[in-house]
Amino acid sequence: RGTAMIFTSLKLFSALIIVGACFFAGAALADAEAASYRQLSGMLALLAHIRTRINYTHFSLEVIFSDFYDEALEKCGFLGCLKDGRGGYSAAFCEAVERLSLTGEARDALAAFGRTLGGVSMREQYAALENTEAILQEKAAHLRESAEKKRRSYRSLGALTGAMIAVILF
């Protein structure tokens, strides 16, 4: 009787560990999905920073980029690549865009914007900046909604998967 109770307790504890592990695996997957949104938000902050600097100062791109920081862009390697400026800031920006987890229209818009850096007039640069911001803001709104739904879904699916595994095993 005592052995059966210990065995039942161990089974329950094991089942809780399985459910918890699957829940946290789902949460980790959701966080990876949210990285795109955080990077996109960081890019919007960078574009706003560039716009402000273009409007009020005539600093070089080196100065504009050197005093900008965003955790998501630093974490993925974008800022390190950009601030290095190897091959010029236009080439560095385009190379840095490749480090982002963004895809499709957002990546294409950023690459097109990067190709204009330092190579066009101030008016053309500002127009390219506004166009890129508009595209990214639309994408950010969509990603924000989708990221929240996916976060809840992945966590729930993780917990349900863990519960299913526990039921099958025990």
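**Figure 1. The kink in helix α1 of this predicted model.** Helix α1 bends by about 30°, and the kink is centred on A34. The helix covers residues 2–56. How far apart are the end C-alpha atoms of α1? They are separated by 78 Å. With 55 residues at 1.5 Å a residue, α1 should span 81 Å, so the expected and modelled values agree.

**Figure 2. Q39 and its contacts.** Q39 is a residue of helix α1. Its relative accessibility is 7%, and because buried means under 20%, Q39 counts as buried. Residues up to four places away in sequence are not counted in the contacts of Q39. Those contacts are A72, L73, C76, L100, S101 and L102.

**Figure 3. L102 in the loop between α5 and α6.** Helix α5 covers residues 89–97 and helix α6 covers 104–116, and L102 is found in the loop between these two helices. Is L102 buried or exposed? L102 has a relative accessibility of 3% and therefore counts as buried. When neighbours within four places in sequence are left aside, L102 touches S36, Q39, L40, R107 and L110. The contact between L102 and Q39 thus appears in this view as well as among the contacts of Q39. L16 lies 86 residues from L102 along the chain, and the C-alpha atoms of these two residues are 36 Å apart.

**Figure 4. K150 on helix α7.** Helix α7 runs over residues 122–169 and includes K150. At 31% relative accessibility, K150 is neither under 20% nor over 50%, so K150 counts as partly exposed. Apart from neighbours within four places in sequence, K150 is in contact with A30 and E33. Between the C-alpha atoms of K150 and G26 the distance is 9.8 Å, although 124 residues separate the two along the chain.

**Figure 5. The largest pocket and its lining.** The space in the largest pocket is about 200 Å³. Its lining is made up of 15 residues. Which of the lining residues lie nearest the centre of the pocket? These are I54, F59, L61, M122 and Q125. At least two lining residues come from each of α1, α2 (61–66) and α7. Helix α1 gives the most, with 3 residues. Sorted by class, the lining holds 8 nonpolar, 6 polar and 1 charged residues.

Conventions: Residues numbered from 1 in each chain as written. Predicted model: local features only at pLDDT ≥ 70, side-chain atom pairs only at ≥ 80, totals over all residues. Heavy atoms only, no water. Helix = DSSP H or I, 4+ residues; strand = E, 2+ residues; numbered from the N terminus. Buried < 20%, exposed > 50% of the residue type's maximum accessible area, 1.4 Å probe, protein only. Contact = heavy atoms within 4.5 Å. Expected span 1.5 Å × (residues − 1). Bend = angle between axes of the 7 residues up to and from the residue. 1 Å grid on protein atoms, 1.4 Å probe; cavity = no way out; pocket = protein on both sides within 12 Å on 5 of 7 lines; lining within 4 Å. Points joined across faces, edges and corners; volume = space filled by probe spheres on them. Nonpolar A, V, L, I, M, F, W, Y, C, P; charged D, E, K, R; others polar.
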